Amino acid sequence: MRSCLCVGGRSLRPRRPLPLLSLEPSFELAALRQSAGTRYPGTGSHQPSSNLCDSKIDLLQHALGSRKQLILVYRYFSYCDRIMENQLAKSTEERTFQYQDSLPSLPVPSLEESLKKYLESVKPFANEEEYKKTEAIVQKFQNGIGEKLQQKLLERAKEKRNWLEDWWLNVAYLDVRIPSQLHVNFGGPASHIEHYWPPKEGTQLERGSISLWHILNYWQLLRKEKLPVHKVGNTPLDMNQFRMLFATCKVPGITRDSLINYFRTESEGHCPSHTAVMCRGRVFVFDVMHEGCLMTPPEILRQLTYIQKKCRREPDGPGVAALTSEERTRWAKAREYLIRLNPENLTMLEKIQSSLLVFCLDDGSPRVTPEDYSQVATKVLTGDPTVRWGDKSYNLISFSNGVFGCNCDHAPYDAMVIVSISSYVDQKIFESEGRWTGSDKVRDIPLPEELVFTVDEKVLNDINQAKAQYFKQASDLQLLVYAFTSFGKKLTKKKKLHPDTFVQLALQLAYYRLHGRPGCCYETAMTRYFYHGRTETVRSCTVEAVRWCQSMQDPSTSLFEQQHRMLEAFAKHNKMMKDCSTGKGFDRHLLGLSLIAKEECLPVPELFTDPLFSRSGGGGNFVLSTSLIGYLRVQGVVVPMVHNGYGFFYHIRDDR
């Protein structure tokens, strides 16, 4: 049985934001004018406005001989100047992707340092004899094949700004053959229920139209590159993953999937502007732009109402979307057959693939309270596969009781992207008290188009088989999402303890008390300081953490000693997080070395076949898969890495 826990009542997926991550507002140039000068931002002073007011006034006064005659002309030039200054503001305003080319390349860590850190990480899982054997294997690797592989990796890094990027996408996502909708995707319930949108039947479509409208405004911010650049202090972070949020889809392959991204900024050209809607096994699409303008919530509501009424008065569709929940190679073969059956099926598949997102009309009505999100989180992660397209980068799920959630393919981006947009939408709904206050006028817009697939008995059998295996595997997952309300980060920070490290050590102690042994643990660190950086592994189960757990279980250990060992464990974890975030982790480095050996057709080095490698979590064998989602209301979950493992994804607020 896999257990997935989401604690704190808020959280979303194993991709931990960097400590002290600040989302800076976009820099806006306020071209404040005073007499004949331009005030520059941040200077508090007036600088000569070359070729603007001063020069014009001097020239005109000389020509006309009187300053009074200048008034009307000056007003005209002032108007022109304001236009010029607005253009200047646009040219100097920070753009979402403007720093991409200046970000540093992902470094290759020192082989010696990586192997030293690896040896430290296996200690909690080995006796003295086992450790000495692994130590000898590591030494042999370092002095032998490891050095050659390191040189090959350094050569690769000279040619690629991110030597890991392609490898990671393939190994972690596209080569995976198990059903990805359940085992790879992440998702989470929306937290609107905590303020203006508590569960209420009959609100599904009205709330859905408002929520979708806010999401589409976020899409337009990205199109215009007006989404603020994420920064740590003044240091910009990589924003490339935000390009993958909309109009992105994974396509199944026999041995390897592919990822297609249709998104373009306004400066890059055309971007799809249609959304897909799934309801009762049927698929519809409609364009969210009309006559160059984004549809309003009342107009979106009209489209959703049309779809829902049509589906309620007519038979359910075949549920082709369920095929995306299948084992990857079987889905690839089913897709090929679907296209051979009728080439028009390919056209429909491509419309879904290129859609901005999928809006899922789910007939479920899950229970949810601010203290218990368990049922809605379960429905989001393991709900009806006929109304989710498992390969899409963004499925917005709308339940019949006006509760929302999302389910997203993990291949194109990490959870901080969905955390960002989910927080944006939640804040907009909070600010507007969950209402639309604009015009109720609905323009004459085309009705949604239904995508009717040609299917036969084989396709229907494939769909039924996909649903059967999906629900069977989903039944093996236990998911709990509770709020711990005794205290939050306000107290831990008061005690000068990092909130995330506090939770990680508490998790280690809980596992130790429950199982009587250390638990190999994965925590996500972000590497977005670097070009196209994604994640690195923090191995939270350290020697220092185990010593502290042992002291907590030993009645003879003094409180002073327990506190001392706890602080040692805190210091160790904090250093590891810093190292991993700044390109000094070792798990991705070891992966790179193993893949170099594979590409060179070399035997698998003994380092990677040593039992301690997998026992300590190597090769994706971590019993505990964890991540801090952040310090916002957003929450979410992913299934554990291993069958008898735990997924622990948490959010930390001031009071919980």
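What covers the buried residues of α14? Keep that in mind while we walk through this predicted model, starting at that helix.

**Stop 1: helix α14**

Select residues 457–474, which make up α14. At 1.5 Å a residue, its 18 residues should span 26 Å, and the end C-alpha atoms are indeed 26 Å apart, so the two values agree. Now color Val-459, Asp-462, Ile-463, Ala-466, Gln-469, Tyr-470 and Ala-474: these are buried. Turn the view to look down the axis of α14, and the buried residues fall within an arc of 135°, so they line one face of the helix. On the face turned away from that buried side, pick out Glu-457 and Lys-472, which are exposed.

Back to the opening question: the cover over the buried residues of α14 includes α7 (180–183), α10 (328–341), α12 (374–382) and β19 (477–482). Show those four as cartoons alongside α14.

Before leaving, zoom in on the N-terminal end of α14, which is capped by Asp-456. A side-chain oxygen of Asp-456 sits 3.1 Å from the backbone nitrogen of Lys-458.

**Stop 2: the seven-stranded sheet**

Keep α12 on screen, since it leads to the next stop. α12 lies across β6, β16 (395–399) and β17 (404–408), and it runs at about 145° to β6. Those strands belong to an open sheet of seven, with mixed pairing, in the order β6-β17-β16-β15-β11-β12-β18. Select 186–189 and 449–451 to see the edge strands, β6 and β18, each of which pairs on one side only. From one strand to the next, the twist averages 25°.

For a detail inside the sheet, select β11 (residues 274–279) and β15 (residues 358–362). These two run parallel and are joined by four bridges. To find the register, label Ala-276, which stands opposite Val-358 in β15.

**Stop 3: strand β22 and its partners**

Next, jump to residues 624–630, strand β22. Is β22 mostly buried or exposed? Seven of its seven residues are buried, so the strand is largely enclosed by the rest of the structure.

Add β20 (residues 521–526), which pairs with β22 in the parallel sense over three bridges. Here Cys-521 stands opposite Leu-624 of β22. Then add β23 (residues 646–651): its pairing with β22 is parallel too, over six bridges. Label Thr-626 and its bridge partner in β23, Phe-648, to see how these strands line up.

Methods: Residues are numbered from 1 along each chain as its sequence is written. This is a predicted model: local features need pLDDT of at least 70, side-chain atom pairs count only at pLDDT 80 or more; totals for chains, interfaces and linings use all residues. Side-chain values use heavy atoms; hydrogens and water are left out. Buried means under 20% relative accessible area, exposed over 50%, partly exposed in between (1.4 Å probe, protein chains only). Two strands pair if DSSP finds at least two bridges between them. The expected span of a helix is 1.5 Å times one less than its number of residues. The arc is that of the directions from the helix axis to the C-beta atoms. Contact means heavy atoms within 4.5 Å. A polar contact is a pair of N or O atoms within 3.5 Å; within protein, one must be able to donate a hydrogen and the other to accept it, and residues adjacent in sequence count only if both atoms are side-chain atoms. Axes are lines fitted to C-alpha atoms, for helices over the stretch in contact, and angles run from 0 to 180 degrees between N-to-C directions.
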